[in-house]
Protein chains: 10
Amino acid sequence: MSNSTLDTFPNPRPERRYSIAIHCPEFTSLCPKTGLPDFGELRITYVPDARCVELKSLKYYLIEFRNRGIFYEAVTNQILDDLVSLLDPHEMTVVGDFSARGGITTSVTATHKKGQ
Amino acid sequence: MSNSTLDTFPNPRPERRYSIAIHCPEFTSLCPKTGLPDFGELRITYVPDARCVELKSLKYYLIEFRNRGIFYEAVTNQILDDLVSLLDPHEMTVVGDFSARGGITTSVTATHKKGQ
Amino acid sequence: MSNSTLDTFPNPRPERRYSIAIHCPEFTSLCPKTGLPDFGELRITYVPDARCVELKSLKYYLIEFRNRGIFYEAVTNQILDDLVSLLDPHEMTVVGDFSARGGITTSVTATHKKGQ
Amino acid sequence: MSNSTLDTFPNPRPERRYSIAIHCPEFTSLCPKTGLPDFGELRITYVPDARCVELKSLKYYLIEFRNRGIFYEAVTNQILDDLVSLLDPHEMTVVGDFSARGGITTSVTATHKKGQ
Amino acid sequence: MSNSTLDTFPNPRPERRYSIAIHCPEFTSLCPKTGLPDFGELRITYVPDARCVELKSLKYYLIEFRNRGIFYEAVTNQILDDLVSLLDPHEMTVVGDFSARGGITTSVTATHKKGQ
Amino acid sequence: MSNSTLDTFPNPRPERRYSIAIHCPEFTSLCPKTGLPDFGELRITYVPDARCVELKSLKYYLIEFRNRGIFYEAVTNQILDDLVSLLDPHEMTVVGDFSARGGITTSVTATHKKGQ
Amino acid sequence: MSNSTLDTFPNPRPERRYSIAIHCPEFTSLCPKTGLPDFGELRITYVPDARCVELKSLKYYLIEFRNRGIFYEAVTNQILDDLVSLLDPHEMTVVGDFSARGGITTSVTATHKKGQ
Amino acid sequence: MSNSTLDTFPNPRPERRYSIAIHCPEFTSLCPKTGLPDFGELRITYVPDARCVELKSLKYYLIEFRNRGIFYEAVTNQILDDLVSLLDPHEMTVVGDFSARGGITTSVTATHKKGQ
Amino acid sequence: MSNSTLDTFPNPRPERRYSIAIHCPEFTSLCPKTGLPDFGELRITYVPDARCVELKSLKYYLIEFRNRGIFYEAVTNQILDDLVSLLDPHEMTVVGDFSARGGITTSVTATHKKGQ
Amino acid sequence: MSNSTLDTFPNPRPERRYSIAIHCPEFTSLCPKTGLPDFGELRITYVPDARCVELKSLKYYLIEFRNRGIFYEAVTNQILDDLVSLLDPHEMTVVGDFSARGGITTSVTATHKKGQ
C-alpha cells in the first residue's frame, strides 16, 4: 500500500519523549479466504520523533482497508510498517482487536523500537 | 491426542517478535470423576516463530474435548503441549478459566518459553 | 424427548402466587445444519401451582441437549412445552440467549399462561 | 420459627404510604438434602402501616437461619410470613437470590398485599 | 427544622409540566441511638409549579443534618415535608439510600402529589 | 433493494406468539453526503407468524449495505420494510444505533404491527 | 435565540410513527450567576412528522450555547421549544443531565406532545 | 485444626512451573469478639510441586470455619499454613477479602515461598 | 491529634511479612477555607510488625476528623504519621480519594517504609 | 500563556515524597483548524517539592483554554510546561484524553522529572 494518503505535521515538542495513543474503534476489512467482512479496533501508541501523524489522513488511510482481503496478523504488521516508515518514531505499538469469528476472538500486538 | 486436526500457516512477519492473543469463551469438557459437563474459557497468547495456528482448525481441535473426561490442570497443560509441539513458538501461555463447581472457581495458567 | 429425567416436589406455599426464576448459564447443543456446538444461556421463570421442578433433575434434563442437533427457536419452545406439561404452572416464560454466530446474536422468548 | 427476636418501632409517618427497601447480602442457611451451606441475598421491600421492623433485630432473626436446613422456596416464603405477621404492612415483597449450585442460580419472589 | 436556609427561584416554564431530578451523593447524619455517623445518598425528583429550589441553598439545608441524630425513615420524610411546604410542587419524590450497617443496606422512598 | 438474498424457514411453533430478538453489532454503510463509512448496530425483534428469517441469509442481506450511501433514518425503515414484506410477522421492531459523528450519536427505532 | 442555524430534511417515512434518539454528550454553557462553565449531556428523542433535524446544524446550534449564561431548567426548555417550533414533531422529549456542582447533580426532563 | 479433611492428587505436570488460582466467594466464620457471622471471599493461588489440592475436600475444609470464632488476620494465615504443610508448593498466596463491618472493609494477603 | 482513641492488638503471625488492606469509604472532614464538608475514601495498606490496628478504634479515630478543618494533602499525611507512630509497621501506604469540588477530583498517596 | 492565574501553597509535608493526582473531566478548547470545540479530560499527577498547586486557581487556569485554538499534542505539553515552571516538582505527568473526532480518540501523555 502506498502511503500517499498519510499526512504528517511537525512534533510540537520534539525535545521531550512523550507518547500519543490513538484509538480507532471502527476498522473493517475483508477476510481473504471467504470475502466476508471482518470488524475490529485498532490502538496505535507511539513516541514521536520529528513528526506526528495527522488524524484525518490516518482515518482515510484506514478506510482504504475496507474492501481489501487481508489476515489479522498481516494487517496489524502492515499498519505498523507503514506508520514507522512514515514517522520514524522513537517507538510505536499497534494492537488489532478483531471481533469473534466461530466463537473465537483474536488480538495481535506488534511493536517497533528505533535502532533495534 | 493427535494433532491431526490442527493446521498452521506461515507467520507473515517472522523477523518481528509480536504476539497473538486468542480468546475462546466456549470451551466445554467432562469431569472425569462425575461425567458431568465442565464449562470454561481459554486464553492462548503466543509469540510466533515460523508458523501461526489456523483459527478454524483450533476451533475443531477444542471441540474434540467436548466429550472427553479430563481435569482442569491436565486440560490446560495438554493444550499448551499440543500447541507448542505444533508451532514451536518463541513463547506461549495458556490460561483456562473454569466456571464454578461447588461454589469454587478455578483458573490454571501455564507458560512455555523456547530454550528453557 | 421423554420427561423421564425431570423430577418435581410439592410447592411449599401453593396458596400464594409467587415466582421462581432459574438461570442456567451453561447450556450447549449442536447446530442441526453443521453439527457444530452452539452455546447459550437459559432463563426460566414460573409461578408454580401444585409442584416445583427439582433443580438437580433440571440440570440433567438440560444436559441431554448436549449432543442433540436442534435450532434455537425449537429448543426454547420445547423446554417450555416439557416444563409446562410436567408442572402445569400458573404461568411460565423461557428465554434462550444464544451466543454469536457469524457476528449475530439471537434470543428467543416464549411464554405460557394457564387457561390461554 | 418464633418471632421472639424481631423488634419493631412505630412508623414515624404512618399517614403517608411510603416504602422501605432492605438489602441483606449476607444470608446463609443449609441445604436440607445435603447439609451443605447455601449462600444468598435477601431483598425486603414494604409499605409500613403502624410499625417498622428494627434492623438490628432483623439481622439477628436472619442469623437464626444459619444452621437450619431449609429450601429456597420455603425460606423466602417463611420470611415473608414472619414479617407480615409481625408488621401487618400495607404490602411487602421478599426476594431471595441464591448463588449457583450445579451451575444453576435461583431467585424466588413472594409478595403480600393487605386485604388480599 | 426551620426552612430559613432554603431559597427558591421562579419556575422559568411554569405552563409546562416537566421534571427536575437532583442527586446528592454526599449526605451524612448521626444515628440517634449510637451517635455514630450514617452516610447516604439523596435523590429528589419533582414537577415544579410556581417555584424551583435553588441548589446552593439546598446544599446548605442538607448540611444542617450533619450533626443531627435522626432515623432513616424520619430523615427521608422530613426532607419531603420541608420541600413540599416550600415549593408546593405538582409532585415530588425523595429517595434516601443509606450505606450498610451490620451488613444491611436500607433505602426509603416517599412521594407527595398535590391534592392527594 | 431486492430481497433475493433473504431466506426463510417455517416457524417451528406458529400457534404460540413468542418473540425472536436478533442483535447485529457489525453493521456498516456509507454516508450519502460524504461517502465516508458509518458504523452501527442493529437490533431486530419480531413475533413470527408462518415463517422465520434464516440468520445466514440475514447476514448476507446486511452486508449488501456495506458500500451503499444511505441515511440512518432510511436504513432503519428500509430494513423493517424488507423484513415485514418477507415474513409478514405479527409484529416487528428494528432499532439502528449509529456511532458518534461530530460528537453526536443517533438511534432510530421503527415498529410494524400486522393489521395497523 | 434565532433558529437560523438549524436545518431540516424531509422525513423519509412520514406515514410511519417511528422515533429518533439523539445523544449529545458534549454540551457546555455558562452559569448566569458565576460566569463559570457548566458541562452536561443532552438527550433528544422525537417522533418526526414532516421533517427531521439535520445533525450537523444541530451541532452548530448547540455550540451557540457555549458562551451564553443560562440556567439548567431554562436551557432544557428552550431547546425543546426551538426544536418543536422548527419540526412540529408528533412528540419530543429533551433531557439535560448536568455534571456535579457543589456535590449535587441535576437532570431536567421536558416533553412536548402535538395537540396538547 | 487438623488437615484430616484435605485431600490431594498428584500434579499432572510437575516438571512445569504453572499456577493454579482458586476463588471461594462463599466463606463465612464467626467474629471471636461478638459471636456474629463474618462473610468474605478467599483467593488461593499456588505453583504446585508434587501434589495439588482436591477442590471438593477444600470446600469441606473451608466449611469447618463456619462456626469457629477467628480474626481476619488469623484465618488468612492459618489457611496458608495448613495448605503449605499439606502441599509443600513452590509458592502460595492466600487473600482474604472480608465484607464491611462498621463501614470498613478489610483484606489480608499472605504469601509463602519454598525455601524462604 | 492525640492517638488516645487508637487501639492495637498483637500481630498473630509476626514472623511472616503479610499485608493488611483497609478500605474506609465513609470519610468526611471540613474544608479549612470554606468550612463546607469534604467527602472522601481512605485506603490504608500496611505490613504489620509487632502490632495491628484494631478496626473499631480506627473507625472512631477517623470520625474525629468529621468536624475538623484540614486540607487533603495534610489529612492523608497526618493519618499516615499517626498510624506509623502507633504501629511501627514494616511499611504503610495511605491513599485519600476525595470527591469532586469545582469539577476537579483529587487523590493523595503517601508511603512510609521502616528505616528509610 | 502567563501563569498569572495559578496560585500555590506550601507543601505541608515536603520531607516525604508523596504524590498528588488531580482529575479534571471537564476540559474544552477549540480546534485550531476548524474553530469547533474539542472536549477532553486531564489527569495531572505530581510529586510536590516545596509547593502544591491550589485547585481553584488550577480550575481558572484551565478555563482560559476554553476559547483558544490549540492542538491536543500542544495543549498537553503546555500544561505540563506551565505547571513545572510554577511548582518545580520532583516529577509530574500530564495526560490529556480527548473525545472522538471522526471516530478516532486520542490520548497524549507527557512526563517531566527534575534534573533530567
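How many residues does the contact take from chain A, and how many from chain B? I started my notebook with that one, keeping in mind that this is a predicted model.

**Entry: chains A and B**

I found that the contact takes 15 residues from chain A and 17 residues from chain B. On the chain A side, helix 2 (72-87) and strand 6 (104-113) each supply at least two of the residues that touch chain B. Strand 6 of chain A gives the largest share of that side, eight residues. I then sorted the chain A side by character and got five nonpolar, eight polar and two charged residues.

Next I looked at how strand 6 of chain A meets its neighbour. It pairs with strand 2 (residues 19-30) of chain B in the antiparallel sense, over five bridges. I followed one partner across: Val108(A) is bridged to Ile20(B) in strand 2 of chain B.

**Entry: how the copies relate**

What turn lays chain A on chain B? I get a turn of 72° with a shift of 0.0 Å along the axis, and the RMSD is 0.0 Å. I tried chain C on chain F as well, and there too the turn is 72°, the shift along the axis 0.0 Å and the RMSD 0.0 Å. For chains C and F, that is the relation of a five-fold axis.

I also checked two pairs involving chain C that turned out to be apart. Chain C does not touch chain G, and their nearest C-alpha atoms are 23 Å apart. Chain C does not touch chain H either, with 18 Å between their nearest C-alpha atoms.

**Entry: helix 2 of chain D**

I took helix 2 of chain D, residues 72-87, and noted its 16 residues. From first C-alpha to last the helix reaches 23 Å, close to the 22 Å expected at 1.5 Å a residue. Which of its residues are buried? My list reads Tyr72(D), Glu73(D), Val75(D), Thr76(D), Asn77(D), Ile79(D), Leu80(D) and Leu83(D). Just after the helix, Asp88(D) takes a positive phi of about 45°.

**Entry: the cores**

Which residues have the most contacts inside the largest nonpolar core? They are Val94(C), Val94(D), Val94(E), Val94(F) and Val94(G), in a core of 129 residues. Another core, of 127 residues, lies apart from it, and I noted Val53(B), Phe65(H), Met92(H) and Val53(J) among its members.

I picked Val94(D) for a look at its neighbours, leaving out those up to four places away in sequence. Val94(D) touches Leu42(D), Ile44(D) and Ala110(D), and also Thr76(D), Ile79(D) and Leu80(D). Those last three, Thr76(D), Ile79(D) and Leu80(D), are on my list of buried residues of helix 2 of chain D.

**Entry: Leu83 in chain H**

Is Leu83(H) buried or exposed? It sits in helix 2 (residues 72-87) of chain H. Leu83(H) is buried, because 22 other C-beta atoms lie within 10 Å, and 20 or more make a residue buried. Beyond four places in sequence, Leu83(H) is in contact with Ile44(H), Val53(H) and Met92(H). I also took a separation: Leu83(H) and Ala21(H) are 62 residues apart in sequence, and their C-alpha atoms are 13 Å apart in space.

**Entry: Asp88 in chains G and I**

I went back to position 88 in two other chains. Asp88(G) has a phi near 45°, a positive value in a residue other than glycine. Most residues other than glycine have a negative phi. Asp88(G) lies in the loop between helix 2 (72-87) and strand 5 (91-101) of chain G. I count Asp88(G) as partly exposed because 14 other C-beta atoms lie within 10 Å.

In chain I, Asp88(I) likewise has a positive phi of about 45° and is not a glycine. Its place is the loop between helix 2 (72-87) and strand 5 (91-101) of chain I. Asp88(I) has 14 C-beta neighbours inside 10 Å, so it counts as partly exposed.

**Entry: Ala100 in chain J**

My last stop was Ala100(J), in strand 5 (residues 91-101) of chain J. With 18 other C-beta atoms within 10 Å, Ala100(J) is partly exposed. Which residues does Ala100(J) contact, leaving aside neighbours within four places in sequence? They are Thr105(J) and, from chain F, Ala100(F). Finally, Gly40(J) is 60 residues from Ala100(J) along the chain, and 9.3 Å separates their C-alpha atoms.

Conventions: Residues numbered from 1 in each chain as written. Chains lettered and ligands numbered in written order. Predicted model: local features only at pLDDT ≥ 70, side-chain atom pairs only at ≥ 80, totals over all residues. Least-squares fit on C-alpha atoms with pLDDT ≥ 70 in both. Helix = DSSP H or I, 4+ residues; strand = E, 2+ residues; numbered from the N terminus. Expected span 1.5 Å × (residues − 1). Buried ≥ 20, exposed ≤ 12 C-beta atoms within 10 Å, placed from the backbone. Core = buried A, V, L, I, M, F, W, Y, C linked by C-beta atoms within 7 Å. Contact = placed C-beta atoms within 7 Å. Nonpolar A, V, L, I, M, F, W, Y, C, P; charged D, E, K, R; others polar. Pairing = 2+ DSSP bridges.
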